[in-house]
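Subject: Structure for your review

Dear colleague,

Please find below the structure that I am handing over to you. My notes on what was found in it follow directly after.

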Amino acid sequence: METTNGDLLASYQKDGYLTGIHIADDSQATYFRNEYNALENEVGAEKCEIGLIDWHFDYKFIWELAIHENIVNVIEELIGPDVMLLATHFFCKYGPKEKFVAWHQDVTYWGLEPPEAVTAWYAIDDSDTGNGCMQVIPGSHHKGIQEHGKSEQKGNLLSINQEVSVTEKEENTAVDLVLKAGEMSIHHGQIIHGSLPNHSKRRRCGLTIRYISPSVKQAEDNSLKRPWKPILLRGEDRHKNFDIVPNPFPY
Ligand SMILES: O=C(O)CCC(=O)C(=O)O
């Protein structure tokens with residue numbers, strides 16, 4: 001993506017997403033994929049689908065991605081100099097299968113006040129329409145928090161089977177976030193997004209990395225009933241809304 005910083009922010013505010021941002025060169029992207037492959041060998045593919053939440057506390061390569069300069073530089077452009085890492089979560093779809101991610105907004109069930117967060121989606125594998133890349137409905141974040149129901153379609157990977165209803169007209173505006181391994185997209189916490197099944201034989205693995213400003217607090221439980229454990233990555237925490245969590249890999 002060839003844009004100046006001001007353009008990035010303007011585009012993010014208008015559309016609620018950015019895509020095609022180069023993060024890692026081939027050798028670094030291969031390093032991250034190899035590390036992920038080793039983790040997958042260790043814990044099994046089923047666990048990897050959506051079961052790897054906040055493993056940045058234990059696996060250095062996940063931490064390295066969460067603090068990656070090229071990623072956090074963009075986040076800083078979007079939310080300002082004070083940046084906290086909120087969470088990490090792999091979304092890995094093995095094909096061919098009917099597993100999908102229903103249309104939803106991220107922050108609806110996160111218990112954050114204000115309900116604001118930004119996600120970097122880092123492509124471990126190439127991600128395209130053949131293996132079920134992420135899709136967003138541009139501008140849908142302007143509508144604010146929306147009520148979600150339950151998906152009636154089998155195979156929704158979301159934690160509580162949530163789904164927000166989307167009109168056919170809105171769905172027709174959806175954009176495919178096609179990424180090469182080593183690239184990332186960014187999405188706003190209130191944008192409606194999801195992904196279709198992976199009908200290919202290729203794996204489609206992405207690491208979502210969630211960031212907040214320290215001014216955000218946890219007002220309610222999240223859907224997993226787990227307190228967030230954010231870590232200050234840049235700037236200052238003038239709000240002290242969370243207990244201090246140390247950097248898991250100090251060096
Ligand atoms: O990776 C996907 O297909 C969906 C990711 C997602 O829903 C999210 O970032 O919340």
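A residue is called buried here if 20 or more other C-beta atoms lie within 10 Å of its own, and exposed if 12 or fewer do. Please bear in mind that this is a predicted model.

By that criterion, Ala29, Phe32 and Tyr36 of helix α2 are buried. These residues span an arc of only 65° around the axis, so they lie on the same side of α2. An α-helix has 3.6 residues a turn, so residues three or four places apart point the same way. The buried residues of α2 pack against α4 (60-66) and β12. On the face turned away from the buried side, α2 carries the exposed residues Asp26, Ser27, Asn34, Ala38, Asn41 and Glu42. The helix itself comprises 18 residues (26-43), and its span from first to last C-alpha is 26 Å, close to the 26 Å expected at 1.5 Å a residue. Gly44, with a positive phi near 95°, follows α2.

Turning to the core, the largest nonpolar one contains 59 residues, and Tyr122, Met184 and Tyr211 have the most contacts inside it. Strand β2 (residues 83-93) supplies the largest share of this core, with eight residues. Leaving aside residues up to four places away in sequence, Met184 touches Ile21, Ile23, Ile71, Ala120, Trp121, Tyr122, Ala123 and Leu179.

The ligand is surrounded by Phe91, Val101, Asp106, Thr119, Trp121, Met134, His193, Ser195, Gly206 and Thr208. Two or more residues of this shell come from each of β5 (118-123), β11 (193-195) and β12 (204-212). By character, the shell divides into four nonpolar residues, five polar and one charged. Trp121 thus belongs to the ligand shell and is also among the residues that Met184 touches.

Some backbone features may also merit your attention. Most residues other than glycine have a negative phi, and most peptide bonds are trans. The peptide bond from Gly95 to Pro96 is cis, with omega near -10°; Pro96 is located in the loop between β2 and β3 (101-104). Glu113 and Pro114 are likewise joined by a cis peptide bond, with omega about -10°, and Pro114 sits in the loop between β4 (112-113) and β5.

Lys225, in the loop between β13 (217-218) and β14 (231-234), has a positive phi near 55°. Lys225 counts as exposed because it has 7 C-beta neighbours inside 10 Å. Lys240, in the segment after β14, has a positive phi near 50°, and with 9 C-beta neighbours inside 10 Å Lys240 counts as exposed.

Yours sincerely

Key
Residues numbered from 1 in each chain as written. Predicted model: local features only at pLDDT ≥ 70, side-chain atom pairs only at ≥ 80, totals over all residues. Core = buried A, V, L, I, M, F, W, Y, C linked by C-beta atoms within 7 Å. Helix = DSSP H or I, 4+ residues; strand = E, 2+ residues; numbered from the N terminus. Contact = placed C-beta atoms within 7 Å. Near = placed C-beta within 6 Å. Nonpolar A, V, L, I, M, F, W, Y, C, P; charged D, E, K, R; others polar. Expected span 1.5 Å × (residues − 1). Arc of directions from axis to C-beta.
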